[in-house]
Amino acid sequence: MTQIIHENQLKSGSTINTDALIVGGGIAGITAAIELAETFHHALLIESQPSLGGRVAATNQYFPKMCPPTCGLEINLKRIKNSNYIKVLTLTEIQSVEGAPGSYKASIKINPRYINEKCTACGKCAEACEVSIPNTFNYGLDQTKAIYLPHLMAYPFRYVIDGNYVNDPRVRKCAEVCEYGAIDFDMRPIQITVNAKAIVWATGWRPYDAKRLDNLGFGKYPDVITNVMMERIASENGPYGGKIVKPSDGKEISSIGFVQCAGSRDENHLPYCSAVCCLASMKQASYVRARYPEADIHIFYIDIRSPGRLEDFYSKAKQDPKLHFHRGKVGKITRNDANGNLVLTAEDTLTGSTCDYEVEMAVLAVGMVPNTAADAPALNLQIDPYGFFVPQQKSGIIGAGTALRPADVADSVRDATGAALKAINVTAGRN
Amino acid sequence: MDTKIGVYICRGCDIEKAIDIEKLVAEAAKGGKAAVCKSHAVLCAKETVESIKDDIKAENLNRVAIAACSGRVFTELFDFGKDVLTDRISLREQVAWSHAPNDEDTQMLAEDYIRMGIARLQNSEPPEPYIEPTSKSIMVIGGGMSGLQAALAVAEAGYQAVLIEKEKELGGWAAKTTKSYPRISPYSNLDDTGLQDLLQKVNSNKNIQVYTSTVVEKTSGQPGKFAVTLKNESGGKQIEVGAIILAAGWRAYDPGKLTHLGYGISPDVVTNVDIERMMGNGGIKRPSDGKKPESVVFIQCAGSRDENHLPYCSSVCCLVTLKQALYIRRSYPDTKIYIIYKDMRTPAQQELFYAQVQDDDAVFFTKGEIKEVAKDNSGKILVTATDTLLGESISIKADLVVLATGMVPATKVETLEEESVGDTAGDQTATTADGKKEAAGAEKGAKIINLTYRQGTDLPTLKYGFPDSHYICFPYETRRTAIYACGAVRAPMGFAESRDDAYGAALKAIQAVEAVSRGLAVHPRSGDASFPEFFMQRCTQCKRCTEECPFGTLDEDEKGTPLPNPFRCRRCGVCMGACPERIISFKNYNVNMMSQMIKSIHIPDEFEEKPRILAFICENDALPSVDMAGLMRLRYNAMIRLIPLRCLGSMNTVWVSDALASGFDGVLLIGCKKGDDYQCHFIRGSELAATRMSNVREKLKQLVLEEERVRLHELAISDYRKIPEIFDGFLEEIDKIGPNPYKGM
């Protein structure tokens with residue numbers, strides 16, 4: 001059975017030895033760890049957040065099957081729980097890596113959860129907690145308590161206390177309601193060393209900061225949201241119980257405009273293509289249409305990119321009479337103050353002129369920014385000009401998933417599965 | 001072995017507030033069913049777990065029931081080793097958190113779950129893995145880029161690889177390609193394909209045995225023990241391998257079918273494959289006169305994204321065209337290039353390559369639809385297209401027209417019948433005259449692996465002939481254990497992607513031979529040591545199990561008796577559900593165990609306010625969903641008793657008749673979504689359950705019971721909010737129908 005390492009069970013200065021260190025507990029990292037473990041090699045999976053699952057756990061449905069990501073996540077978590085070859089550390093950051101293929105030494109920091117292994121996730125503490133904070137899992141669309149369970153399928157299945165509030169008396173008194181002695185405000189960061197033969201870098205991505213897209217009104221108009229926010233809005237366990245509502249007034253929508261390449265394929269922002277946004281927007285359009293048969297959807301695009309068999313998904317979308325594709329880039333979003341609707345100004349490339357479209361909500365299809373861009377300087381990672389991890393010959397540090405390039409889940413899992421073998425082959429000293 | 005059961009009941013997390021624990025303890029101990037029965041304030045406390053371990057030792061317990069939280073939490077904590085069968089009774093999520101506290105019905109529910117847990121333990125044994133000597137060699141079919149990389153990846157991990165190539169030389173398409181499109185920053189230079197380096201490594205690796213001019217004539221046996229007959233000029237050869245990687249690659253779409261794009265009107269209308277050949281043979285020349293072309297038109301999606309040809313996108317043609325355009329521009333600085341496309345598809349960092357070609361003033365991009373390709377009287381080719389951006393018609397005089405044709409997987413059979421559009425039966429199932437379902441896809445596809453499986457010779461294909469996985473989360477999953485596809489045979493992809501893909505398939509193959517050597521299952525029930533056992537004396541040769549197994553595990557002898565191949569098995573239990581004679585069982589999952597669990601549930605004689613509903617639910621999606629409903633403290637009626645199944649397809653209809661005969665008023669069957677976008681981890685579980693419903697209706701008729709007493713629901717894991725609605729809605733319906741007349745009989 002998998003060992004969840006509890007933050008309070010390790011002493012600073014201690015060492016963990018493993019075959020492969022997997023950095024990042026999203027779908028790529030989870031997959032790499034499981035595939036290694038099921039090939040009877042040891043993996044230590046570390047994740048900076050309090051729970052595994054990454055962006056997949058926050059996604060409503062996958063294209064093209066329109067199935068819930070939690071379905072595959074459940075199977076993967078079950079595989080992790082049943083394995084004797086995986087150790088998991090959450091709230092953990094990697095700080096430095098040295099060494100060579102076959103003998104890496106990584107310095108990692110485990111941040112305090114302030115909740116120990118006695119937590120049963122009964123929820124009494126959160127119930128008693130009077131401090132509400134923006135819910136980052138829902139991109140701040142609603143509030144959660146300062147003591148919270150990251151989400152319904154969190155693994156480890158334990159609460160966490162927001163570090164900014166551990167000294168708040170309103171939070172401290174919550175310890176009194178815990179019947180299990182699980183709250184521990186004295187937890188401190190722990191520094192340990194990991195010895196690993198190979199490292200899989202699967203640190204994933206973050207959405208491009210939509211506030212930088214000056215003319216598109218994000219941050220100015222609450223009904224201009226991003227594609228990742230849309231996933232949370234549409235989720236049953238999201239801020240609105242799955243109803244697609246305008247954040248401004250909580251009313252259900254009757255029209256949406258999707259702005260493709262919002263900051264992507266744009267040399268002032270992200271010059272590359274994020275590969276999944278076309279399909280993600282069509283997917284979002286599809287679940288909105290399924291729930292609101294009267295809603296009109298407009299998708300503004302430069303090129304629709306639906307490779308391979310995913311073309312079928314595009315073909316199907318084109319058949320929906322209320323799903324309108326407009327070739328052209330949205331240059332500006334303003335608000336019609338008379339009715340609160342948003343006005344999308346798009347260059348209609350068919351006629352060369354600009355056209356205004358009024359919709360109730362606008363979804364910016366923002367691209368993927370690799371987290372490696374932020375990690376690289378401290379860790380001496382090789383990255384490309386956009387921050388993506390660049391695999392090196394004869395290295396035992398292997399990239400997987402969106403650390404390498406923008407990719408969908410299936411491709412990330414493909415990478416991660418291959419990365420498991422690349423890691424084994426480093427161990428065998430024959431890469 | 002005698003069972004000796006310990007039952008441990010947790011009082012924490014509001015369980016004690018909802019349930020009378022003393023009564024529960026008494027119930028567990030009643031009739032000596034549990035040798036030890038204790039309750040603890042906090043069962044998950046370290047000291048308590050240690051005390052359970054002490055009990056196990058002191059009392060020689062070999063079965064433990066943990067009546068506390070769901071088995072999905074604290075999984076590692078309540079693991080007492082493989083010799084102690086442990087059952088988790090979810091008093092927290094399924095009782096205390098979802099029902100009224102201190103209520104008679106809630107108490108009865110808890111007591112039933114305790115009895116059911118005990119019955120499960122009494123009627124199951126710890127599984128013992130099926131172990132036989134096996135081979136860990138891996139056969140790779142196809143010596144192109146993906147096959148070469150797969151063989152090398154396997155060999156470098158220390159496993160023997162056997163590489164089979166039908167042509168005389170290794171290399172496949174890569175051998176016919178001089179350069180590939182750029183893969184690294186700054187994305188401006190054409191890259192070496194990497195083939196020579198790869199070939200050198202393959203040829204010098206002692207773990208790789210290469211057979212060229214060779215095909216696979218026959219593959220029989222099972223994972224770990226595939227007996228393969230190879231055929232080449234020198235005759236046949238017999239080898240044994242443990243797993244198979246299918247890297248059979250692709251062929252170009254037949255341009256002969258693209259006459260509407262001018263193919264055949266002039267030798268100067270060529271394909272991207274022809275350009276590739278010219279690049280390797282002295283450069284680009286106009287075929288008609290051997291001169292350099294002054295103007296070249298590339299027609300993208302030639303036969304692709306076209307419902308009359310290949311409806312899918314071949315993913316790499318845009319990049320290949322950009323590469324070929326760059327090559328031509330660098331060879332002939334005066335030549336103009338026109339690229340007519342539907343959408344330029346250059347995902348990820350490849351966009352940077354596109355941007356650079358766009359910067360070239362002599363390369364013109366037109367988003368358009370081809371209207372006509374014709375020869376003009378000057379001997380040039382006139383390409384007319386509608387510019388969909390400007391809405392105008394444009395004509396280009398070209399010296400050379402290049403059709404960017406797509407990729408057809410080697411597994412696709414080209415027959416007249418299959419040419420009809422939309423006939424992509426692949427993963428679908430067809431209903432035969434007698435109403436039985438069989439995997440239609442299994443019978444189609446090119447014969448490459450030539451399996452002797454009852455269900456067909458090769459990997460079942462999905463749409464368009466690709467043997468790709470249906471699963472987004474598990475892209476290597478196939479319906480034939482230990483056989484994995486990679487490279488362009490799986491999905492259209494380029495060289496670099498094929499090499500990465502090869503690593504993934506190689507890992508899965510290695511994993512399969514390792515698991516099989518230990519008698520363990522591979523995904524999704526990874527590590528499961530149980531396997532189905534057949535009591536053949538009672539087999540009636542009805543063939544249901546051999547037809548319904550989603551993984552083609554069972555072959556048949558000439559009489560129709562199933563021939564099990566345990567290493568092909570994925571332990572879903574579909575065969576057990578299929579068998580009308582109930583002769584198939586797992587040590588820890590069997591028909592008798594279920595029947596005993598059903599029997600252990602108390603059916604009150606009075607119907608008023610005490611109806612009883614039995615629900616068989618899929619443990620992969622529906623059960624976690626029930627947990628989440630509990631976590632959200634959603635309330636539903638306490639008349640329902642849940643029995644989780646490995647897969648709804650493993651439900652034997654005898655359980656339904658047992659339940660109805662013993663007085664249950666209704667039976668719910670809850671599985672995953674079926675249909676084209678099925679979510680079943682065992683492919684056809686809920687579909688098979690739906691098929692068996694006709695059987696169930698027959699039974700109901702015999703018992704003179706209403707059809708509505710049995711209901712099948714599809715539930716996704718994220719549908720937890722629907723649970724009260726489903727459970728309570730069904731109860732209302734049952735209330736209307738009235739009590740089961742067999743109650744109390």
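The following paragraphs describe the contact between chains A and B and selected helix and sheet arrangements within each chain of a predicted model.

In the association of the two chains, 66 residues of chain A are in contact with 67 residues of chain B. On the side of chain A that touches chain B, the elements contributing two or more residues are β1 (3-4), α3 (69-81), α8 (311-318) and α10 (409-427) of chain A, and among these α10(A) provides the largest share, with 12 residues. By residue character, this side of chain A comprises 31 nonpolar, 14 polar and 21 charged residues.

Within chain A, an open sheet is built from 5 strands arranged in the order β13-β20-β14-β15-β16, with parallel pairing. The edges of this sheet are occupied by β13 (224-226) and β16 (323-327) of chain A, each of which pairs on one side only, and the twist from one strand to the next averages 20°. At one of these edges, strand β15 (residues 296-301) of chain A pairs with β16(A) in the parallel sense over 5 bridges, and A:I297 is found opposite A:L323 in β16(A).

Chain B contains an open sheet of 7 strands, ordered β15-β21-β16-β17-β18-β19-β20, in which the pairing is mixed. Because β15 (269-271) and β20 (392-398) of chain B stand at the edges with a single partner strand each, one side of each is left without a neighbour in the sheet. The twist in this sheet averages 40° from one strand to the next. Strand β16 (residues 295-302) of chain B and strand β21 (residues 400-405) of chain B are paired in the parallel sense over 5 bridges, with B:V296 placed opposite B:L400 in β21(B). Helix α8 (residues 272-280) of chain B lies across β15 and β21 of chain B, and its direction is at about 115° to that of β21(B).

A helix-helix contact is also present in chain B, where the axes of α5 (residues 104-122) and α15 (residues 591-600) come within 8 Å and cross at roughly 155°. Since an angle over 145° counts as roughly antiparallel, α5(B) and α15(B) are therefore roughly antiparallel to each other, and their crossing is right-handed. The contact involves B:R115, B:M116, B:A119, B:R120 and B:Q122 from α5(B), together with B:M593, B:Q596, B:M597 and B:S600 from α15(B); the residues of this contact divide into 4 nonpolar, 3 polar and 2 charged.

Terms used:
Residues numbered from 1 in each chain as written. Chains lettered and ligands numbered in written order. Predicted model: local features only at pLDDT ≥ 70, side-chain atom pairs only at ≥ 80, totals over all residues. Contact = placed C-beta atoms within 7 Å. Helix = DSSP H or I, 4+ residues; strand = E, 2+ residues; numbered from the N terminus. Nonpolar A, V, L, I, M, F, W, Y, C, P; charged D, E, K, R; others polar. Axes fitted to C-alpha atoms, helices over the stretch in contact; angles between N-to-C directions. Parallel < 35°, antiparallel > 145°, perpendicular 65-115°, else oblique. Left-handed = near helix turned anticlockwise from the far one by under 90°. Pairing = 2+ DSSP bridges.
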